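Thanks for coming, everyone. I would like to walk you through one model this morning, going slowly through a few of its parts.

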Amino acid sequence: MAFLELKNLVKRFGATTVVDDFNLDIQEGEFMSFLGGSGCGKTTTLRMVAGFETPSEGSIRIAGVEVASVPPNQRGVGMVFQNYALFPNMTVRRNIAFGLKVTGWKAAETERRVDEMLELIHMGEFGERYPHQMSGGQQQRVALARALAPRPKILLLDEPLSALDAKIRGRLREEIRAIQRQTGITTVYVTHDQEEALSLSDRIVVMRAGKIEQVGTPFEIYNRPANAFVASFIGTLNVLDAMVMDSAQGRLLVSGQEVVAAGPVPAGRAVKLSLRPEMLSLEHHPHHENRLRGTLSNVIFLGSIVRLVVGTTDQDLVLDTFNTPRLALPPLGAPVSVGFPREACLVVE
Amino acid sequence: MKRQRRHALRQSGWAWLWMTLGSLYFLIPLLATFLFSLRGKKGVLGFTAYAKVFADPQFLQTFAFSFRMALLTIVVGLALILPTMIWVHLRATWAKPILETCSLIPFVIPPIVLVFGLIRMYGVLSFTLVSSPFLLVAGYVVLAFPYIYRAVDAGLRAIDLKGLTEAAQSLGAGWGTILFRVLLPNLRISLLSAVFLTFSIVIGELTLAVMLAWPAFGPYMALVGRDLAFEPAALAILSFLLTWGLIGLIQFASRSLAGQGSALGGTH
């Protein structure tokens, strides 16, 4: 039995259906991310689990107990908000102790638990500070400690890193994952940032327009996207127009050149061929059965990666290559040939 | 460079001129009243008028009565308006414009109309209701509503009301805990200004007290103003000092609370 079960969950605001027939099982100790663009229903789903929104239909079970009609303060669910929501009138210690005091922990136990939490977030010396005396990253760590202190059954994080700058975001992301592993708490993480979802999660739910598009491990989502939406949403992707020549043998025609996919492709005339930029190369490799000829039209320097844009007769494709000392690029406008293995071909209708 | 400096100088010159004119407009009548209030005894400047005011037992009696009414108005007004406004801000944002319009009504409807409305309405029900001080307090709450509304509204806008409430809820807090341990401490400054504004309105209020026949401070001041010469000036200066004292107190409280680390401007 799953630890958190969401069954046929529906949420309507007036005539708009924001979450539509959402079904998901989350195992105990799992780190699950809800990933999607704005308005896809990910936050609404999270807020239904927290109890801040009442589902229009469906059930929410935590450890086998139906909680859809239980008020949020009795659900035993910890929540971390995008804008921290620390109590401005309380010190860090009092913020962390808040949940313990209201749920009747004894004073000595509360003090011990607060110390434990401060140690967990490596902020022992900040106990007497007020929220406005700390940076955003520090405030969010305190918010995490405050949510974890009363030992909730589930931890919910609603875009907790969105308000922080890139460097702190990366560091805090690792810290959140380490703390989650250390405490073993079942976690649901809402984000619109695919990199965050891919690097943190055990599994990811990709959502669009209130519906689940795919549930899978980061590896599955990235390498075997269920449909064109997931494929284009996660990572950079070349989507090329192609014509099917032989559906059984996976033979396609792309910009007048033949490409062979690893398996049979859907029958029909026009399909889309998706290729990840990192699967493509200008160098010759024996296992690169496919080659597309074109001219080098742009070079974009991204630090550790150099992104090349190659134009065929009628469409562009981008390819990524590592920025190594040996990297020798042809001049712009030079004819090049892009190689890739058959397995790199993702064909969708 | 030179031209810039001349421009800046001219700008600040104008600023000083307008500020001086504004201050004079405000200060000259006040000074005149103060000087007039010092002439209680012929030929000497002194505090005779003030001594007379303090010696009059009615002064203290009426002030004490209005003080009690002010406290009651503050308690009833806040108990009624604060939870309503929190609820509207959190759960019924659609009702905000309605509340906003209601808060302007006391400015539009003169107190004399309000008081006759109250007498007509409650006089029909029973005489005891009209003669009870609660009707006066109810009227005062209506008069203070715009001020309490605006002060509390500013406070609620300055904090992350939804975030703080939900954070407290997810930590297991009920509505009582949220109100008294999370929201009220973060609304202290705006509540203080609501309290002091209400206080100064009630202390000087005339129409309701006269029409409902209560021995309040407002009617007393009017009476003194009609019958005597120097004492009303002394009273005016006293009530001015009282009001400014209260405003100073708000300032002092906001500064010392801010220094304590009670952030006033949200959670960021």
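Before I come to individual bridge partners, let me fix the terms: two strands are taken to pair if DSSP finds at least two bridges between them, and the strands themselves are DSSP runs of at least two residues, numbered from the N terminus. Please also keep in mind that this is a predicted model.

With that in hand, look at strand E11 of chain A, residues 238-246, which pairs in the antiparallel sense with strand E12 of chain A, residues 251-254, over three bridges; within this pairing, A:Val244 has A:Leu252 in E12(A) as its bridge partner.

These two strands belong to an open sheet of five strands in chain A, ordered E13-E12-E11-E14-E19, with antiparallel pairing. Because strand E13 (257-260) and strand E19 (346-348) of chain A stand at the edges and each has a single partner strand, one side of each is left without a neighbour in the sheet. On average, and with direction ignored, neighbouring strands of this sheet are turned by 45° against each other.

Elsewhere in chain A, strand E9, residues 203-208, and strand E10, residues 211-216, pair in the antiparallel sense over five bridges, and there the bridge partner of A:Met207 in E10(A) is A:Ile212. The hairpin of E9(A) and E10(A) has two residues between the strands, and A:Ala209 takes a positive phi near 45° in that hairpin.

Finally, how many residues of helix H1 of chain A, residues 42-50, are buried? Nine of its nine residues are, among them A:Lys42 and A:Arg47, and just after H1(A) comes A:Gly51 with a positive phi of about 100°.

Technical notes. Residues are numbered from 1 along each chain as its sequence is written. Chains are lettered from A and ligands numbered from 1 in the order in which they are written. This is a predicted model: local features need pLDDT of at least 70, side-chain atom pairs count only at pLDDT 80 or more; totals for chains, interfaces and linings use all residues. Helices (H or I, at least four residues) and strands (E, at least two) are DSSP runs, numbered from the N terminus. Axes are lines fitted to C-alpha atoms, for helices over the stretch in contact, and angles run from 0 to 180 degrees between N-to-C directions. A residue is buried if 20 or more other C-beta atoms lie within 10 Å of its own, exposed if 12 or fewer, and partly exposed in between; C-beta atoms are placed from the backbone.
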